[in-house]
Amino acid sequence: MALLLALTALVPARAQEDYRFDIGAGIGMTGYLGDANTANMWSSPSWDAEILFRYIVNPRINLKTNFYIGGLNGDSSKMENVFPDAANFKFSTTFYELGEMFEFHFFNYGMGESYRKLKRWTPYITAGVGVTAWSVDSKAGAAFTIPLGVGFKFKPSLRWNLGLEFLMKKTFSDKLDGEALSDPLGIKSSFMKNTDWYSTLTLTISYEFSKRCAVCNYKD
């Protein structure tokens, strides 16, 4: 990251051109927390790919629609906890997720006019809602999710953006890891207990388009 900042410092700053939309894609890795992995989210990592579309409200706020496809793995033999009868469970699945996210930048993000105090980089926080679908042992499932996370954006040029985003996603289901692990300890599901979580850590690149109309001086 230090190298990127040093290289782009050599690029002359131009006047900011405001665009309304941002489209891009990314790749990364996933982690899982559930009955087959209760502690170390990265014990059985997998992959993810993302397509994203943003509406740029202003330099501080974005609204993002994203679609993820990725893998999730779990293996209870790697846990310290032991199931009744020393049973072990292992699963692997591909998930599909559609989400709507709200992003809040810590700084005014952009390039150009100093009076707007624009910065070419910013950390941000994000939250939203989503729907995730999957299949384990030929049994399909789907659930609402609540993604929460943090990210970092960097603008190497006026219309291009690089990003790194980490999200934790709570699913309103205990069947993300399969029917066999839907209630292995006989604990009734609740918001905080006996439901599955997964994470995505994704590196993205995106491009801004649809220039915002300039404000004209009105005269009677």
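Here are some worked exercises on a predicted model of a single chain.

**Exercise 1. Work out how the chain is built up from helices and strands, and how its contacts are spread along the sequence.**

Start with the inventory: there is one helix, and there are eight strands. Next, put them in order. Going along the sequence, you get α-β-β-β-β-β-β-β-β.

Now look at burial. Of the 220 residues in the chain, 40% are buried. Finally, check the contacts between residues at least 6 apart in sequence: 66% of them join residues at least 24 apart.

**Exercise 2. Find which residues have the most contacts inside the largest nonpolar core, and which strand gives the largest share of this core.**

Step one is the size: the largest nonpolar core holds 13 residues. Step two is to pick out those with the most contacts inside it, and these are Tyr-32, Leu-72, Phe-91, Phe-95, Trp-134, Leu-176 and Tyr-198.

Step three is to map the core onto the strands. At least two residues each come from strand S3 (61-75), strand S4 (90-105) and strand S5 (121-136). S4 has the largest share, at three residues.

To see the packing up close, take Phe-95. Skip anything up to four places away in sequence, and Phe-95 still touches a list of residues that includes Tyr-68, Leu-72, Trp-134 and Tyr-198. Glycines turn up in that list too, among them Gly-70 and Gly-71.

**Exercise 3. Trace the salt bridges, and explain why the pair Glu-103 and Arg-54 ties together separate parts of the chain.**

First, the count: there are eight salt bridges. Side chains of opposite charge can pair when their charged atoms come close.

Take Glu-103 with Arg-54, where the N to O distance is 3.0 Å. Glu-103 sits in strand S4 and Arg-54 in strand S2, so this bridge connects parts of the chain 49 residues apart in sequence. Then check exposure against the cut-off of under 20% for buried. Glu-103 has a relative accessible area of 0%, so Glu-103 is buried. Arg-54 comes in at 5%, so Arg-54 is buried as well.

Move on to Lys-64 and Glu-165, whose side chains form a salt bridge, again with 3.0 Å from N to O. Lys-64 belongs to strand S3 and Glu-165 to strand S7, and the two are 101 residues apart. Lys-64 is buried at 1% relative accessible area, and Glu-165 is buried at 4%.

The third pair is Lys-155 with Glu-208, with 2.7 Å between the closest N and O atoms. Lys-155 is in the loop between strand S6 (139-154) and S7 while Glu-208 is in strand S8, so this bridge joins parts 53 residues apart in sequence. Lys-155 and Glu-208 are both buried.

Last step: look for shared partners. Asp-22, Glu-50, Arg-54, Lys-64, Glu-103, Lys-153 and Glu-165 are joined into one network by salt bridges that share partners.

**Exercise 4. List what Glu-103 is in contact with, beyond its neighbours within four places in sequence.**

Begin with the charged residues: the contacts of Glu-103 include Arg-54, Arg-60, Lys-64, Lys-153 and Glu-165. Then add the rest, which are Ile-61, Asn-62, Tyr-124, Ile-125 and Thr-126.

For a C-alpha check, use Ile-125: Glu-103 and Ile-125 are 22 residues apart in sequence, with 5.9 Å between their C-alpha atoms.

**Exercise 5. Describe the largest cavity: how much space lies in it, and what is its lining made of?**

The count gives one cavity of 30 Å³ or more. About 70 Å³ of space lies in the largest cavity. Its lining has 13 residues, and Arg-54, Tyr-124, Lys-153, Gly-163 and Thr-204 come closest to the centre.

Now sort the lining by type: six charged, four polar and three nonpolar residues. Then sort by strand. Strand S2 (46-56), strand S7 (160-171) and strand S8 (197-211) supply at least two residues each, and S7 gives the most, with five.

**Exercise 6. Say where Asp-137 and Ser-210 lie, given that each has a positive phi without being a glycine.**

Recall the background: most residues other than glycine have a negative phi.

Asp-137 has a phi of about 55 degrees and lies in the loop between S5 and S6. Its relative accessible area is 67%, so Asp-137 is exposed.

Ser-210 has a phi near 65 degrees and belongs to strand S8. With 22% relative accessibility, Ser-210 is partly exposed.

Terms used. Residues are numbered from 1 along each chain as its sequence is written. This is a predicted model: local features need pLDDT of at least 70, side-chain atom pairs count only at pLDDT 80 or more; totals for chains, interfaces and linings use all residues. Side-chain values use heavy atoms; hydrogens and water are left out. On a 1 Å grid over the protein atoms alone, a cavity is a set of points where a 1.4 Å probe fits but cannot get out, and a pocket is an open set with protein on both sides within 12 Å along at least five of seven lines; lining residues have an atom within 4 Å of a point. Grid points are joined across faces, edges and corners, and a volume is the space filled by probe spheres set on the points. Helices (H or I, at least four residues) and strands (E, at least two) are DSSP runs, numbered from the N terminus. Ala, Val, Leu, Ile, Met, Phe, Trp, Tyr, Cys and Pro count as nonpolar, Asp, Glu, Lys and Arg as charged, and the others, Gly among them, as polar. A nonpolar core is a set of buried Ala, Val, Leu, Ile, Met, Phe, Trp, Tyr and Cys residues joined through side-chain atoms within 4.5 Å. Buried means under 20% relative accessible area, exposed over 50%, partly exposed in between (1.4 Å probe, protein chains only). Contact means heavy atoms within 4.5 Å. A salt bridge is a side-chain nitrogen of Lys or Arg within 4 Å of a carboxyl oxygen of Asp or Glu.
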